[in-house]
Amino acid sequence: MSTSLRDALATQYALDAATLRKSILDRLRDEFGYEIASSSKSHPLLIAHRAEREAISSIEHAKVNTGNLERCIGLVNHAQNKWIAEADRNISTAQSNLNSATTNEARDVALTDLQHWRNNREEGERALKERLVNMHEAEVLHPAAQNELELAEDEYLKCKQETDRILHEHCIKENSVTTCSDMDADLARYQIYVDNNAIAQLAEFASQGYENQILISDLLADDHLLILMAENDSPRGGRYGAAMEIYNSIRLISSKVESSKDAREQEGGPSIYYRLALAVSLEHAVPYPQSNPDTCTDKPKFIDPIMRYLHYENAYLAGELDPAFDTLSTWELRFVVDGEHGTPDEAFSWGREMLCNYRPDLVMMKDYTWRYVHSVRTEIKYGSEEGKFDRPDLHFFQNVLMNGGVCGRWVSFCCACVHFIYLLVSSTRNIIFHLIRRAFFGRFILRAFGIPTIARPSPGHGALAHWTPSGWVVCLGPPWGKGNTKEKYGRVNDTDFFEHTRARANGYSFNRVIRARLIGDIIGGECKCFGLSSARGELGFWNVFTLHVQRSLAEGTTAPPMAGRRAITSSTIDLFSDHSSTECDEEEIIIDKGGNITIAACATSIPNPAMCPSGNGKILFMRSNLGGKQLHYSRIGPHQSFEYNVNVIRAGTYAFSARVVTPSWKQTLLLSLNGSEELINISLPFTIGKWGTTKPLNLELQGGINTFTFSRTGDCKGVTIKDFSLELMDWCVD
């Protein structure tokens, strides 16, 4: 790399940027009559915005006062039901130990313990008395505090209405500018020069070779691509050169990705292939570290963006992704293809195969809020005690399925530091990941099926948010307004992110927000702000204008984000429907000519499928990706047995085996044959979410009806069973 060439390119890019800025400002003045001075601090919109902020501060203060009573009640309940109650239990235990003590040493220990808990109870009683006084005072003050909150909320609504009025009546020129698309290409082109120290990055990239210079020249000359990049929030880290390199490589390797010109001008807009290619290019402009099994030392250290694109293209063509995948925008797809957790493509392939094998009912859920992600509740054991059994040859999420994880108070900190965590050594990173594995798994399984998702921690919860056809929703935590996102859209309050998604649902109208943000760069050099709650310090005029336009669009959203979009390929869910349904033929026990028996797992006598077609909650009957149905023994709930009555034509020795899917190790089934109290232990293979078969086990069966009763004990994970096989090895002749 030539330092002189880099400096020369940087100088040229700076001159080009200055020339372009002057041209844009001239057009703003000549065509729209807009002067820079018109956005002074005395503008009515800024005054109205400050009044709104003050009203919000008053609401927050009032909420603290109104919440005081609830806090006091909680402290009283804690003293009564936890502190004193726990002391009473321990006093009883200590007294019992004292009464049963047979040595002086034991009596001394019991007396010490008894005195400790009596003192603890006295402290609890004093605390309760003090807390009751505080609660009564809070009860007296609560009506006034509630009235203060209502007045503050009324004042905020008035301020908000005034802001909306000014936005429409006093920002005529700004509204005129942002509704005009004539300058979109120049606005987007200028963005390349000013975004995130972009000139230095452009010069650095272009100076590395002639081919790179051509890529930058091609980008600057491609109006359509520039606009599409700007509309989708630019490359990560402002690395336009790297994004262009990825985009160009994807177009060379995939014939399905059209040109940016065709993408913008063709009916229906960009194809799913183009949107996917652009999303990968923008999101992977800064490389994501790849998380590999510890034993796989030959795997890439960074996610390959070209392979990431091909992974989703191939999965889409194979119908493995959610039916809504090809309705997603480029911006939404960025939350599918990103490199959070460093998940390699092969892990996503495994995730889809595992869930389709093991819990296809979760793949076919009609409730989009919990489709796929409900597996966190049903399959990921809460707790970190088994994390020590993680296998070094498995992917991170295979270990999570096997050994569980937690979500808790440390999640917010860990998610905020996730990029820093990637810089830590592998062992330290894995320790931290144990704290937040459940929410991580939820986002992983959503991305595996092509659903956009984002970390959305809140106090005490490792929550997540994800896309649905009706808008973004929160899972595994409290509702919107109770957390934040690690992305720029809602670092302080997640409502900023939610508002941004709703505004984007307006499609073309959202370009007003994009233009306003770009103009703010040119006129005021304002740092971009993506949400009103996330603003730091006093905002400039164009940031205020941008965010209030965004809010106006979000509040005016009535049509679902998917309106007008339509999937054009069959998907996994469609394929399930093709070969099975909840009304499929009754599962049977089949005996072939050789006397071999196949027991369909759903052909139970207890529970009776005729009485409970979907199972009884613990034992579930569901459609199978192999065709027909399969039985799932749930991890959740008290143990239950299930039973089969099998008419054996030939008495004799049979080799018994079961076709199963297991998510974890050391799992067993217990079999009682014909009511015998002697239980047969059937060891289940750890199939890692794939179909597998148990080792053959010889059983002696009598002629006529044989009853097979299966049960489980202890701390069990789930197991899915397709069928049981009884191969006749030797038979008795009467």
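Helices in this description are DSSP runs of H or I with at least four residues, numbered from the N terminus. The model is predicted, and under this numbering Gly450 lies just after helix 21, where it takes a positive phi of about 85°.

Helix 21 itself comprises residues 437–448, and its 12 residues should span 16 Å at 1.5 Å a residue; the end C-alpha atoms are 16 Å apart, which agrees with that expectation. The helix is mostly covered, with 12 of its 12 residues buried. The buried residues include Arg437, Arg438, Arg443 and Arg447, together with Phe440, Phe441 and Phe444.

A helix pair was also examined. Two packed helices are described by the angle between their axes and the distance between the axes. For helix 12 (residues 305–317) and helix 14 (residues 345–358), the packing angle is about 20° and the axes are 10 Å apart. Because angles under 35 degrees count as roughly parallel, helix 12 and helix 14 are roughly parallel to each other. Helix 12 passes helix 14 in a right-handed crossing. On the side of helix 12, the contact is made by Met307, Arg308, His311, Tyr312 and Ala315; helix 14 contributes Asp345, Phe348, Ser349 and Arg352. By character, the residues of this contact divide into 4 nonpolar, 2 polar and 3 charged.

The loop between helix 12 and helix 13 (330–337) holds Ala324. This residue has a relative accessibility of 3% and therefore counts as buried, the cut-off being under 20%. The C-alpha atoms of Ala324 and Pro469 are separated by 7.7 Å, although the two residues are 145 residues apart along the chain.

Notes
Residues are numbered from 1 along each chain as its sequence is written. This is a predicted model: local features need pLDDT of at least 70, side-chain atom pairs count only at pLDDT 80 or more; totals for chains, interfaces and linings use all residues. Side-chain values use heavy atoms; hydrogens and water are left out. Axes are lines fitted to C-alpha atoms, for helices over the stretch in contact, and angles run from 0 to 180 degrees between N-to-C directions. Helices (H or I, at least four residues) and strands (E, at least two) are DSSP runs, numbered from the N terminus. Angles under 35 degrees count as roughly parallel, over 145 as roughly antiparallel, 65 to 115 as roughly perpendicular and the rest as oblique. A crossing is left-handed if the near helix is turned anticlockwise from the far one by less than a right angle, and right-handed if clockwise. Contact means heavy atoms within 4.5 Å. Ala, Val, Leu, Ile, Met, Phe, Trp, Tyr, Cys and Pro count as nonpolar, Asp, Glu, Lys and Arg as charged, and the others, Gly among them, as polar. The expected span of a helix is 1.5 Å times one less than its number of residues. Buried means under 20% relative accessible area, exposed over 50%, partly exposed in between (1.4 Å probe, protein chains only).
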